[in-house]
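The following exercises concern pairs of charged side chains. Please study the sequence and the model before working through each solution.

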Amino acid sequence: IPAEESEDELPAGEERPDTRLSEGDAAGETQEGSKDRSKEGAVTEETDGDGHREGQEAEQPDQMPASSNKPRKKKKKRKTKKNSAGETVEDNDLEDIDSLLERIEDPGLAPQSQGGIIADSRPLLYVEHRNLNPENELKRYFGARAVLGDQRPRQRQRQYVRSMWLTAPKNTWPRYSKTGITMQLLDTRRGVQHFTFEHHREYQQVQFKFLDAVESMDPNNIVVRGLVIMFPPVFLQPLLCWGGVPVLSLTLSLLSPERALYSLECAFHPVFSLTSGACRLDYRRPENRAFFLALFKHLMFLEKRGCPRTALEFCKLILSLDPENDPLCVLLLIDFLSLRAKEYTFLTRLFQEWESHRNLSQLPNFAFSVPLAYFFLSQQEERPELERSQARERAARLIQLALIMFPSVLMPLLDHCSVQPDARVTSHPFFGLNAQISQSPALNQLTSLYVGRTHALWKDPAVMAWLEPHVHEVLRMVEAQDALVQEAEHKRKIRYQSAPRNIYRHIILSEMKEATAALPLEVTSQPVMGFDPLPPLDSIVSYTRPERTSHPSNESTLSLFFRSLLPNFNLQGDIRHDGDDEAGAAQDLNQGVNRLMAAMRDMLANIQFQEPPRDDNPEGDGDWD
């Protein structure tokens, strides 16, 4: 106690600004006497901390007379007020923490769901770490007990598993090791940092082996080689190629986009940020494509799992990596996730800020989803009446423009919703079959993708009741030959002649049967690899695969046919390189003949002819069981 008091004492002439007492306080102290001492004792008993020290400090005022030296008395008064003030601050901190926890648990009070100053002050593609964890969303829906079960909320993971933001490492995953992938900072322009992944030489060799396995056209070969070359290092292509495919129960836990995200996040550059929205990756570089594809596949899995809010956060992350080019065309998906997650304010804000330079209204998904978001905003009773009326007006105006611009959406949408329109709508040629036949194939792909993906959001009876009068209003405008109708028809003829490559890539990754059936022949006729679908034509290649030269095979067509019947047949395995002399060629020919003869013997040995059943009693006894 004396040591602490000596530390609190200050040299003469100095005074702490936060513990300065006025003369009136000192006078009040001398006048009140024992009344103040009793208050000091009460405050000291309520103070948390070292009880023994506080008890001794509470006894000291009783031992000292009221006329003792004033610096001592000021000091004790200062300490008492410091304790009481500190207790008040602590209570306020606890109240703030409780309020923050309530805001986190209540999705209606989350900053992203509000349309006020908090949401507008943040960047549009701002990503929050807590929204990248699907367990947080599931806890809001079902409660922590239903999600965690008997598992402890803060159960320790294995020491060699690193904690990450994108995925939660599982205890069944192998020990982490260096993957041969690093990230480098290329340059910084206008406050935007451009990064790229790099493959080490060992990883490049593994990449070449995987491509050899792919060219063998044997799925089992891809899986086996993928498992062999993944650990170590963790190889990404099998994770992306077979993620979600039921190959083997043993490989399902290993071949997943989550493991690819985990490996890539371990290779992040120290200044690479997921949340800033100012970090870019170029999809033209093959090393960066694995990160885009792993994020997209993980996003689709989260959406099917019932976590649209988490999927929306991953969608914003993909868009922030390359918002100008949007290589995976997530703009065709972000409106659906926003509506499912009930993030109507974010969708309307995205439309308002990007419409001027991205023409989002020319995409069918934004043309129909934005007025639907405004309609849902107008149905929220907690909003002021003025905001609700403005939302209703915007929804009515935008849905009419969408029906005029894309009339081929209405009838397939009503068909998917099992809604029978009235006779006027069915018989009118503007919304009839002619509207679907006359549109270009590129526009047909966009409308089919939107209807197949979002038709469930339009099944609400309130939505259909809101849509019906606007359909009749559009028909009235068509019959009156409004200028908007003619302008929209002119735009449809000029635009949508062909879809860009990123839209085809998005349709292939989405696996929507309505849109996949509408893909053009130039896309369906070429091989599409799951680990790199439709690579950009202007790719930036940092390393190339060594070319393998081959001579024409000396084997006959019959021998090749018989060898192709074997499960381990691989035409690339018998390729001979340049520079072989005649002796080497003859030796290879002899080895090939020997292998062919051995294969023929094995095949003939495995052929078994089934003898016809003998009939010991041809006449039979005439009895039937």
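**Exercises on salt bridges**

This is a predicted model, in which local features need pLDDT of at least 70, side-chain atom pairs count only at pLDDT 80 or more, and totals for chains, interfaces and linings use all residues. Residues are numbered from 1 along each chain as its sequence is written, and side-chain values use heavy atoms, with hydrogens and water left out.

**Exercise 1.** Determine how buried or exposed R130 and its salt-bridge partner E128 are.

*Solution.* A salt bridge requires a side-chain nitrogen of Lys or Arg within 4 Å of a carboxyl oxygen of Asp or Glu. The closest N and O atoms of R130 and E128 are 3.7 Å apart, and the two residues form a salt bridge. Buried means under 20% relative accessible area, exposed over 50%, and partly exposed in between (1.4 Å probe, protein chains only). R130 has a relative accessible area of 23% and is therefore partly exposed. E128, at 11%, is buried.

**Exercise 2.** Locate the salt bridge between K316 and E313 and describe its setting.

*Solution.* First, the closest N and O atoms of this pair lie 3.7 Å apart. Next, both residues belong to helix α15 (residues 308-321), three residues apart, about one turn of the helix; helices are DSSP runs (H or I, at least four residues), numbered from the N terminus. K316 counts as buried because its relative accessibility is 4%, and E313 is buried at 0%. Finally, R309, E313, K316 and E343 are linked in a network of salt bridges.

**Exercise 3.** State how many salt bridges the rule yields.

*Solution.* Applying the rule gives 18 salt bridges.

Note on methods:
Helix = DSSP H or I, 4+ residues; strand = E, 2+ residues; numbered from the N terminus.
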